[in-house]
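Visitor: I have a model open and would like to learn how to read it. Where do we start?

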Amino acid sequence: MTGAHDRRHAGFRERARVAEARASLLDVVAAHERTETVAVADAAGRTLAEPTEAARAAPGYERAAMDGYAVRARDTFGASERDPAVLRAAETMGPDAAVRVHTGSELPDGADAVVMIEDTSEYGDDVEVLDAVAARENVGAADEDVAADQRLHDAGHRLRPSDLGLLKESGVREVSAYDRPEIAVIPTGEELVQADPEPGEMIETNGLTVSRLVESWGGRARYRDVVTDDADALRAAIERDLDADVVVTTGGSSVGERDLTPDVVESLGRLVFHGVALKPGHPVAAGVVEDTPVICLPGYPVACIVNAVQFLRPALKRAGGTPVPAFPNVEAELSGKLRSEPGVRTYARVTLDEAADGRIAAPVHTNGSGILSTVALADGWVVVPESVEGYAAGETVTVEQWEVSP
């Protein structure tokens, strides 16, 4: 393999910028366009393939907006505490009648207003109205919440739990949603075990973490067994899952003797990039085999997560035909210096503390990208652009809370 030999000899002298690498990856990811009908009760987190419209108005009837009495507004004209309007307590509406209602109850036929209970006094079978009301006062319209045929959501909207209640209230029982993108997750490395590691062995965490990230981002993960560092075994594993929308491997993506995954991808198809100017995790690669994108994530846990967020997440969204939502972020003051290499985009982990005058971001200092706790116990990261050589203590920075956004 001449290309593999050249890469191992050269290392990563030429590294793509993050934005350039992401764009080149997305060029080989196609939206699958598969849809299915999903019951509203089961549709949380699903992305709409078609717009939704209300099947009926909600609540569907005029209702009392206050506890009190339903009346005809004209029967209360001129009423005041000095000169109350005297109405008769009744079960049904009629001239000079008042029907007891509660907030949310249906407005009786013939009534057009509600007098609040605190503006009335009861004397036997009579109700004194101490303040006049206008027509429609304290009355909720039949379409106060939702109008019949109202557009509720556009295609591409990811349904939240609150959306489900609105759809159900509006008479919508099922929706057309994009099928979840299928992502094959293949952990690699002859040293990986699932439990009880011996000296020299390591617990497999990357495949588990990436699989759960896939599901949190709206995909369906095939979490495969560990594949050893063998070209034939890696080739068979990738070929097995070429029916997935995206194949992602973890580990073996650098240029060492046991880093075989990029070479295998290139032997089966072509590499799109190998090596990106970001920290942690520059030895990331991506390619395409028989029209299926393959992303090769680094084996160090923090590097694996950073690259999964930067490359796998947008590829998954593209495969599902949905936009990539921005991360929520907060502004905070740095309690210590953040260093960054010029020309490299750095994802610096921080913890957040609430101070008397605002948020304080404390850098998580570590020399490697293999310490999983530095990302698992962090509250987010600060993205240091390629053009910036770090940030000084006391500067205000933006903290991306990458694990919050779908």
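**Reading one residue, then the sheets**

Guide: This is a predicted model. Start with glutamine 310, which lies in helix H7, residues 301-319.

Visitor: Is glutamine 310 buried or exposed?

Guide: Buried means under 20% relative accessible area. Glutamine 310 has 7% relative accessibility, so it counts as buried.

Visitor: Which side chain makes a polar contact with glutamine 310?

Guide: That of tyrosine 347, at 3.1 Å. Beyond neighbours within four places in sequence, glutamine 310 also touches other residues, among them Arg22, Leu278 and Trp381.

Visitor: On to sheets. How do strands pair?

Guide: Strands of a sheet pair through backbone hydrogen bonds, either parallel or antiparallel. Here, one open sheet has six strands in the order S16-S13-S17-S21-S20-S18, with mixed pairing. S16 (220-223) and S18 (270-274) are the edge strands, each pairing on one side only. On average, neighbouring strands of this sheet are turned by 20 degrees against each other, direction ignored.

Visitor: How many bridges join S13 to S16?

Guide: Four, and the two strands run parallel. Glutamate 182 stands opposite arginine 220 in S16.

Visitor: Which helices pack on this sheet?

Guide: H2 (residues 18-26) does, touching S18, S20 and S21. The direction of H2 makes about 160 degrees with that of S18. H7 packs on the sheet too, touching S13, S17, S18 and S21. The direction of H7 makes about 170 degrees with that of S21.

Visitor: In which sense does S22 pair with S26, and with S24?

Guide: S22 (residues 329-334) runs antiparallel to S26, with five bridges. Asparagine 329 partners glutamate 400 there. With S24, S22 pairs in the parallel sense over two bridges. Leucine 334 has alanine 361 as its bridge partner in S24.

Key
Residues are numbered from 1 along each chain as its sequence is written. This is a predicted model: local features need pLDDT of at least 70, side-chain atom pairs count only at pLDDT 80 or more; totals for chains, interfaces and linings use all residues. Side-chain values use heavy atoms; hydrogens and water are left out. Two strands pair if DSSP finds at least two bridges between them. Buried means under 20% relative accessible area, exposed over 50%, partly exposed in between (1.4 Å probe, protein chains only). A polar contact is a pair of N or O atoms within 3.5 Å; within protein, one must be able to donate a hydrogen and the other to accept it, and residues adjacent in sequence count only if both atoms are side-chain atoms. Contact means heavy atoms within 4.5 Å. Axes are lines fitted to C-alpha atoms, for helices over the stretch in contact, and angles run from 0 to 180 degrees between N-to-C directions.
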